[in-house]
Amino acid sequence: MQLPPKACIHSIFHVSQLEEVIGDHPGLGTLPPELAIDEPIPILFEEILSRRIVDQNGSQVPQLLIKWQGLSIEEVTWIDAVDFQGQFPTFCLEDNVASNGGGIDELIQKEMGKEQQLSALNQLRNIFGLGKREAEAITLDVTSKAYRKRLAQAVSSGDLDLATSKAAFLQNLCEELYFDAEKATEIHEEIYRQKLQQCVADGELSEDDVVALNRLRVMLCIRQQTIDAAHSDVCGSLFEKVVKEAIASGVDGYDADVKKAVRKAAHGLRLTREAAMSIAGKAVRKIFINYIKRARTADNRTEAAKELKKMIAFNTLVVTELVADIKGESSDTPPEEPKVEEKIKEDEEWDDDEEWESLETLRKIKPSEELTAKMGKPGQTEINLRDDLPERDRTDLYKTYLLYCLTGEVTRIPFGAQITTKKDDSEYVLLNQLGGILGLTVKEIVEVHRSLAEQAFRQQAEVILADGQLTKARVEQLNEVQKQVGLPPEYAQKVIKSITTTKMAAALETAINRGRLNIKQIRELKEANVDLDSMISERLRENLFKKTVDEIFSSGTGEFDEEEVYEKIPADLNISAEKAKQVVRELAQNRLSNSLVQSVALLRQRNHQGVVSTLNDLLACDKAVPSEPLTWEVPEELADLFTIYMKNDPEQEKLSRLQYLLGISDSTAGALREMKDRVISVETEEEKFVF
């Protein structure tokens with residue numbers, strides 16, 4: 001219909017709604033206000049419910065049954081496919097709905113029938129007193145059986161195979177039965193799995209089986225991801241059973257029949273190499289773990305090594321054959337070279353061939369051609385325990401077998417005695433294979449060998465260097481030990497330095513605590529390139545600085561070298577300048593008052609030389625931290641101190657500073673100078689009298 005631009009009703013009507021016009025009629029009128037809007041409503045379709053072909057003037061015209069967006073099911077309309085495609089050119093009509101007949105009345109009747117059925121089912125549920133979950137379970141069971149039956153009929157009759165769109169066919173079937181599409185997908189997967197199990201009943205999938213399974217997958221519209229999961233589960237379970245039987249056959253039972261069964265399962269079940277290796281690796285690693293558990297619970301190192309040796313033999317004679325059969329290779333084929341990326345990564349992790357050659361035990365795990373021919377083919381390393389055990393556990397197991405190679409087999413006999421049987425270099429080849437089973441990298445293996453050699457060298461070096469003294473004879477003795485354990489010289493020197501440093505640090509700490517180490521000796525040690533900072537703690541270095549400054553303040557010379565005390569000594573002891581000044585300030589202030597008291601005490605004891613030395617210490621403290629004039633209860637004693645110091649002919653600068661500190665005026669100082677000779681004579685007479 002031709003409508004005004006602002007009309008809010010649809011422009012397309014079903015033919016049943018039109019009537020023949022009789023007589024004259026007015027032209028377009030004005031729409032009622034309630035039917036008019038300011039903006040035109042866009043006409044959008046929501047769903048194509050069905051399609052049909054009708055005869056129009058002798059031509060077959062395809063039509064579509066459209067449900068419009070925002071309108072009820074009663075307002076659906078048929079529209080020519082050409083008109084629909086012109087109105088919605090971007091929409092693809094192919095395979096959107098199945099072709100069926102019927103009209104609006106049939107669709108409405110179908111929807112009403114569905115509502116009536118649901119209402120009847122609800123009434124029936126209430127009559128029997130069923131709960132919602134019970135009713136849903138019964139409904140699901142009944143509809144599932146009905147869907148399976150209808151699906152089987154569609155497959156057997158060929159209707160599903162001939163359907164243009166199998167997805168639309170299955171969707172219509174679900175709608176007819178009011179069956180959930182997700183549940184239908186689960187049924188499709190179950191049917192596929194059952195078919196797959198029937199096909200692999202003889203242990204392999206033939207070409208006909210593959211074609212039949214692919215045809216079933218297409219008919220049931222099963223996703224490829226679901227197909228892969230089903231194959232991995234069903235075929236993987238069968239392959240896992242074959243692998244376990246092969247492993248259970250043991251070292252002596254892995255014969256031609258077992259090899260044939262493994263090859264048939266690996267290739268006949270059409271598993272990818274990655275999937276087959278993953279299944280085999282899981283089963284093999286369980287056996288490896290059992291061997292390791294027995295090795296850990298063994299009574300001694302020899303018994304633990306025997307269990308590890310059994311694991312190595314199992315890997316060489318069973319697992320290596322199993323991996324070759326899975327890959328379809330000959331067991332005599334040498335192992336594949338690592339990929340370029342893996343080689344580069346390995347080189348980045350460890351690139352020190354010199355150290356490899358320097359460690360004697362490492363050289364032995366690289367077998368010679370003669371020993372390789374004697375030992376036979378090497379074991380596989382693709383299946384290993386790298387991701388199953390922590391690095392520490394794996395290196396500990398490797399170290400256990402390495403010690404077994406070094407010490408030999410120890411057999412205990414009665415009365416506490418034991419017999420040691422040395423092993424040849426073939427044990428080191430087995431050690432190399434053990435490293436592959438444990439998934440150890442080159443770097444980790446080198447670290448184990450080096451740490452063990454260092455441990456053996458350190459034990460003997462600590463005995464030789466018990467007192468920390470390194471003589472020429474001891475150096476020669478240590479060189480012999482270093483060669484015996486096969487430790488590189490540079491690492492041996494590190495161990496020797498570590499031991500001597502530890503011994504020296506202990507000796508230095510004892511010397512500082514007992515006051516037997518001074519700054520002069522510290523400087524001599526630093527000139528000898530001794531790392532005192534690492535040997536002496538910061539607390540001890542600060543104590544040594546205090547002791548040194550205190551000795552300066554009690555030297556009796558009256559000298560105080562600021563550059564020496566504030567710069568050189570702190571630098572030698574690695575003490576901050578601020579910390580050094582703080583220590584000097586505290587010591588000078590405490591020492592200043594104590595020096596005055598001590599000088600008066602010596603005066604009363606008539607120890608004039610002691611008085612002079614103590615007054616010099618007072619002047620040194622004052623030079624470090626300038627002081628105000630001191631006070632004393634008996635001024636005459638201060639005058640006597642000044643007189644005695646003056647009698648010693650000091651420097652004028654020191655005498656003037658002492659006069660200031662003792663609070664003696666210039667007139668008093670002049671009088672004391674005049675009395676100097678009389679004081680000396682009086683003291684001489686007193687000394688003679690005492691004598």
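A salt bridge is a side-chain nitrogen of Lys or Arg within 4 Å of a carboxyl oxygen of Asp or Glu, and the structure holds 26 of them. The model is predicted, so that local features need pLDDT of at least 70 and side-chain atom pairs count only at pLDDT 80 or more, while totals for chains, interfaces and linings use all residues. Residues are numbered from 1 along each chain as its sequence is written, and side-chain values use heavy atoms, with hydrogens and water left out.

**Exercise 1. The chain as a whole**

Describe the secondary structure of the protein chain and the share of its residues that is buried.

Solution. Begin with the secondary structure, which comes to 31 helices and five strands; helices (H or I, at least four residues) and strands (E, at least two) are DSSP runs, numbered from the N terminus. Then turn to burial, where buried means under 20% relative accessible area, exposed over 50%, and partly exposed in between (1.4 Å probe, protein chains only). By that rule, buried residues make up 36% of the 691 residues in the protein chain. Finally, consider contacts, meaning heavy atoms within 4.5 Å: of those in the protein chain with a separation of 6 or more, 71% are accounted for by residues 24 or more positions apart.

**Exercise 2. The nonpolar cores**

Find which residues have the most contacts inside the largest nonpolar core, and which helix gives the largest share of this core.

Solution. A nonpolar core is a set of buried Ala, Val, Leu, Ile, Met, Phe, Trp, Tyr and Cys residues joined through side-chain atoms within 4.5 Å. The largest one has 77 residues, and those with the most contacts inside it are Y147, F239, F288, L322 and Y401. Its largest share, eleven residues, comes from helix α12 (residues 301–327). Apart from this core lies another, of 54 residues, among them I519, V600, C621 and L655. To look at one residue in detail, take L322, which touches V243, A246, I247, Y254, V262, A280 and V284 when residues up to four places away in sequence are not counted.

**Exercise 3. Salt bridges between parts of the chain**

Explain what the salt bridges of E176, D388 and D393 tie together.

Solution. Take E176 at the start: it forms a salt bridge with R150, and the closest N and O atoms are 2.8 Å apart. Because E176 lies in helix α5 (residues 166–177) and R150 in helix α3 (residues 132–157), the pair ties together parts that are 26 residues apart in sequence. E176 is partly exposed at 44% relative accessibility, and R150 is partly exposed at 33%.

Next comes D388, whose salt bridge with R285 has its closest N and O atoms 3.3 Å apart. D388 lies in the loop between α16 (369–375) and α17 (391–407), whereas R285 lies in helix α11 (residues 273–296), so the pair ties together parts that are 103 residues apart in sequence.

The last pair is D393 and R296, with the closest N and O atoms of their salt bridge 3.3 Å apart. Since D393 lies in helix α17 and R296 in helix α11, parts that are 97 residues apart in sequence are tied together. Elsewhere, salt bridges that share partners join K259, R263, E321 and D325 into one network.

**Exercise 4. Two packed helices**

Work out how α17 and helix α19 (residues 442–464) are placed relative to each other.

Solution. The two helices pack at an angle of about 55 degrees, with their axes 10 Å apart; axes are lines fitted to C-alpha atoms, for helices over the stretch in contact, and angles run from 0 to 180 degrees between N-to-C directions. Angles under 35 degrees count as roughly parallel, over 145 as roughly antiparallel, 65 to 115 as roughly perpendicular and the rest as oblique, and α17 is therefore oblique to α19. The residues that make the contact include Y398 and L402 of α17 and V448 and L452 of α19.

**Exercise 5. Positive phi values**

Locate Y178 and R606 and state how exposed each residue is.

Solution. Most residues other than glycine have a negative phi. Y178, however, has a positive phi near 55 degrees; Y178 is placed in the loop between α5 and α6 and is partly exposed, with a relative accessible area of 34%. R606, which is not a glycine either, has a positive phi of about 60 degrees. R606 is in the loop between α26 (577–604) and α27 (608–624), and at 60% relative accessibility R606 counts as exposed.
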